Amino acid sequence: MNATIYDVSRLSGVSTATVSRTFSDPDRVRDSTRQKVFEAAEILHYSPNAIARAMVRQRTDKIAFLICKKDATILDEFYARICESIMRRTMQSDRQLVISTASDWAQAAGTAQNKQVEGVILGGSAQADMVSEFQSKRVAVVLVNNRMPGFDLPCVLSDEYGGIRLAVEHLIQRGRRSIAMIAGRFSPYIVGERYNAFLQIMEEHGLDAGAYPVAMCDPTVESAARMAQELLSRKDRPDAVLGINDVIAAGVLKAALRLGLKVPDDLAVVGFDDSTICGMVEPELTSVHINCRLIGELGVDRLHALLNGEECPPVTVVPAELRIRGSS
């Protein structure tokens with residue numbers, strides 16, 4: 001039979017809490033006491049584990065990252081980059097990480113996995129009822145790539161406004177004045193931030209954002225291509241199009257090719273997210289780069305701060321960059 005924390009407690013003559021503290025935070029235990037515990041553990045061939053620590057400390061040290069996006073999988077490129085960063089950051093701590101989509105998590109409601117988490121990082125368009133459920137169970141919540149009115153939750157965000165400014169001002173510097181935006185039906189927060197930033201920055205530069213009403217399409221290359229083909233077939237077609245993300249921008253490039261337009265001579269195209277698709281199209285796509293690595297790291301840091309009872313800033317904004325390539 002495997003030795004337990006209680007066996008070590010009896011043999012060493014100290015409490016189970018002291019045994020747990022000896023392994024989890026040895027610097028807080030006196031040298032003589034620490035020696036007793038280690039000697040007892042060696043005699044009993046005892047090895048502390050997460051379950052034993054949880055029983056003593058009433059904590060599991062388990063957190064989760066949930067991707068809250070319709071029809072998402074953990075292979076979704078944008079969130080996969082954030083996920084990788086969250087994994088690396090979590091590995092530097094004593095905590096364990098569970099990764100799931102929000103829909104899979106909801107379907108597994110009530111399982112041991114769900115009951116054990118102390119905190120969650122929600123990526124994307126989290127639903128209010130899910131957040132409320134976590135809060136009712138006193139599970140700490142941090143949002144990445146989203147803000148939720150009505151909830152006092154720490155958020156880690158990319159600078160959407162700053163990213164759109166970089167894209168629009170780059171096009172203006174290249175001599176473009178008739179700039180259109182094509183948007184996709186995905187995260188309401190992201191679409192809203194980028195759309196409103198586009199309108200404001202165009203107005204700041206004295207350009208007519210209403211000349212080409214912002215078009216909405218499904219977030220697919222083909223849907224964007226159909227929308228862009230209608231826009232680019234106009235006699236007063238724009239000389240630049242800003243896709244609200246790279247998938248939309250790739251659809252614009254496809255439409256330009258079908259219409260015989262030269263990019264960037266006849267039409268400049270800029271995307272947003274700086275995904276792998278930027279290097280898969282021709283010409284390669286200029287795009288706003290989001291620092292997913294830093295977003296993931298800060299998401300974990302904010303969650304750790306909440307779990308440790310430390311101060312946590314309500315909003316953290318990560319700067320964006322523009323990666324200029326052949327499409328503009």
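Trainee: What makes certain residues count as being in contact with Arg302, once its neighbours within four places in sequence are left aside?

Mentor: Contact means heavy atoms within 4.5 Å, and with those neighbours left aside the residues in contact with Arg302 are Val142, Val156, Cys312, Pro313 and Thr316. This is a predicted model, in which local features need pLDDT of at least 70 and side-chain atom pairs count only at pLDDT 80 or more, while totals for chains, interfaces and linings use all residues. Residues are numbered from 1 along each chain as its sequence is written, and side-chain values use heavy atoms, with hydrogens and water left out.

Trainee: How do you know whether Arg302 has a salt bridge?

Mentor: A salt bridge is a side-chain nitrogen of Lys or Arg within 4 Å of a carboxyl oxygen of Asp or Glu. Lys and Arg count as positive and Asp and Glu as negative, with His and the chain ends not counted. For Arg302 the nearest side chain of opposite charge, Asp301, is 5.1 Å away, so there is no salt bridge, although Arg302 is buried.

Trainee: Where does Arg302 lie, and why is Glu297 called buried or exposed?

Mentor: Arg302 lies in helix H13, and Glu297 is found in that helix too, which covers residues 292-307. Helices (H or I, at least four residues) and strands (E, at least two) are DSSP runs, numbered from the N terminus. Buried means under 20% relative accessible area, exposed over 50%, and partly exposed in between, with a 1.4 Å probe and protein chains only. Glu297 has 16% relative accessibility and therefore counts as buried. Arg89, Arg293, Glu297 and Asp301 are linked in a network of salt bridges.

Trainee: Why is Leu143 called buried or exposed?

Mentor: Leu143, found in strand S4 (residues 140-144), has 0% relative accessibility and therefore counts as buried. Leaving aside its neighbours within four places in sequence, Leu143 is in contact with Leu122, Met148, Leu153, Pro154, Cys155 and Val156.

Trainee: What makes Arg10 and Asp7 a salt bridge, and why are they separated by about one helical turn?

Mentor: Their closest N and O atoms are 2.5 Å apart, so Arg10 and Asp7 meet the distance limit for a salt bridge. The two are 3 residues apart in helix H1 (residues 5-12), which means that about one helical turn separates them. Arg10, at 60% relative accessibility, counts as exposed, whereas Asp7, at 24%, is partly exposed.

Trainee: How do you know that Arg323 forms a salt bridge with Glu321?

Mentor: The closest N and O atoms of Arg323 and Glu321 are 3.4 Å apart, so this pair also meets the limit. Arg323 is partly exposed, with a relative accessible area of 31%, and Glu321 is partly exposed at 40%. A search of the whole structure finds 18 salt bridges.

Trainee: Which residues of the largest pocket's lining lie nearest its centre, and what makes a residue part of that lining?

Mentor: On a 1 Å grid over the protein atoms alone, a pocket is an open set of points where a 1.4 Å probe fits, with protein on both sides within 12 Å along at least five of seven lines, and lining residues have an atom within 4 Å of a point. The largest pocket is lined by 27 residues, of which Lys69, Asp76, Phe186, Pro219 and Asn245 lie nearest its centre. Helix H5 supplies the largest share of this lining, 4 residues.
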